[in-house]
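Colleague: I am new to this structure and would like a close look at one part, the metal site. Please take me through the residues there and then outward to what lies around them.

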Amino acid sequence: MLGFLAPHYRIASVLELTPERLRGLGLENLLLDADCTLKRYRSEQSAPGVAEWLDTLRQAGFGLCLVSNGLGERIGQFAERVGLPFVARALKPLPLGCHRAMRKMGYRRESTAMVGDQLFADIMAGRLAGLTTFLVDPIHPEEEPWFTRLKRGPERWLLR
Ligand SMILES: [Mg+2]
């Protein structure tokens, strides 16, 4: 029960996802949440180390695409800054945005993972799309809007 809310892996930060670890799991592509995963909610810059991490994965040949519930303009600016393709208004926890990104990028389910900080968005969407899922600790979650913070209590409860 509730398997669609259970991440396959929990990590402190995306920086833990090295090319070696991802290859060891048979993964070639990552769908990446933006807010609180790659950056602080209120920041337009990626968190420390993230730009270098993205470069490392790109140079190692990994496919990378942002999948965010944020609006196109805001997410598009961030995507441009970090040099990534993106799908905005992804409607996570529905799997639609993941499917759109996989079609756009030509990714296969078996070799793709969804990476994000929210059970009720990223993990559920990734699970419903049949992907491997990584839950990261959110970067400065206190900056999120109230409707996102509401979900943190039940999330903590479920993770125990
Ligand atoms: Mg997020």
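Modeller: What follows starts at the metal and moves outward. The model is a predicted one, and the values below are computed from it.

The magnesium ion is held by Asp33 and Asp117 through OD atoms and by Asp35 through its O atom, at 2.1 to 2.2 Å. Along the chain, these donors follow the spacing D-x1-D-x81-D.

How buried or exposed are the two aspartates at the start of that pattern? Aspartate 33 has a relative accessible area of 6% and therefore counts as buried, the limit being under 20%. Aspartate 35 is also buried, with a relative accessible area of 11%.

Aspartate 35 has a charged partner too. Its salt bridge is with lysine 39, and the closest N and O atoms are 2.8 Å apart. Both aspartate 35 and lysine 39 are buried. Side chains of opposite charge can pair when their charged atoms come close.

Asp117, another of the residues that coordinate the magnesium ion, belongs to a network. Glutamate 144 and arginine 152 meet through their side chains in a salt bridge of 2.7 Å, N to O. Glutamate 144 counts as buried because its relative accessibility is 2%, and arginine 152 counts as buried because its value is 8%. Through salt bridges that share partners, Asp117, Glu144, Arg152 and Glu155 are joined into one network.

The structure holds twelve salt bridges. One of them joins lysine 92 to aspartate 122, with the closest N and O atoms 2.7 Å apart. This pair links distant parts of the chain: lysine 92 lies in the loop between β4 (86-87) and α4 (96-105), while aspartate 122 is in helix α5 (residues 119-128), 30 residues apart. Lysine 92 is buried at 6% relative accessibility, and aspartate 122 is buried at 1%.

Aspartate 35 also appears in the lining of a pocket. The largest pocket has a volume of about 310 Å³. It is lined by 18 residues, of which Asp35, Tyr41, Asn69, Gln118 and Thr148 are the closest to its centre. Helices α5 and α6 (146-149) each supply at least two residues of that lining.

Next comes the nonpolar interior. The largest nonpolar core has 28 residues, and Leu30, Leu32, Trp53 and Leu66 touch the most other members. The elements giving two or more residues to this core are the strands β2 (29-32), β3 (63-67), β5 (112-116) and β6 (132-136), together with the helices α2 (50-59) and α3 (72-82). Leucine 32 has contacts beyond its neighbours within four places in sequence, among them Leu38, Trp53, Leu66, Leu84 and Val115. A second, separate core of 13 residues includes Ala90, Met102, Ala125 and Leu131.

One last residue leads back to the start of the chain. Arginine 127 is found in helix α5. At 29% relative accessibility, arginine 127 counts as partly exposed. Arginine 127 and phenylalanine 4 are 123 residues apart in sequence, yet their C-alpha atoms are 5.4 Å apart in space. Leaving out residues up to four places away in sequence, arginine 127 touches Gly3, Phe4, Ala6, Pro7, His8 and Thr133.

To return to the request: the magnesium ion is coordinated by Asp33, Asp35 and Asp117. Of these, Asp35 pairs with lysine 39 and is among the residues closest to the centre of the largest pocket, and Asp117 is part of the network with Glu144, Arg152 and Glu155.

Key. Residues are numbered from 1 along each chain as its sequence is written. This is a predicted model: local features need pLDDT of at least 70, side-chain atom pairs count only at pLDDT 80 or more; totals for chains, interfaces and linings use all residues. Side-chain values use heavy atoms; hydrogens and water are left out. Donors are N, O and S atoms within 2.8 Å of the metal (3.2 Å for Na, K and Ca); water is not among the atoms, so sites may look incomplete. Buried means under 20% relative accessible area, exposed over 50%, partly exposed in between (1.4 Å probe, protein chains only). A nonpolar core is a set of buried Ala, Val, Leu, Ile, Met, Phe, Trp, Tyr and Cys residues joined through side-chain atoms within 4.5 Å. Helices (H or I, at least four residues) and strands (E, at least two) are DSSP runs, numbered from the N terminus. Contact means heavy atoms within 4.5 Å. A salt bridge is a side-chain nitrogen of Lys or Arg within 4 Å of a carboxyl oxygen of Asp or Glu. On a 1 Å grid over the protein atoms alone, a cavity is a set of points where a 1.4 Å probe fits but cannot get out, and a pocket is an open set with protein on both sides within 12 Å along at least five of seven lines; lining residues have an atom within 4 Å of a point. Grid points are joined across faces, edges and corners, and a volume is the space filled by probe spheres set on the points.
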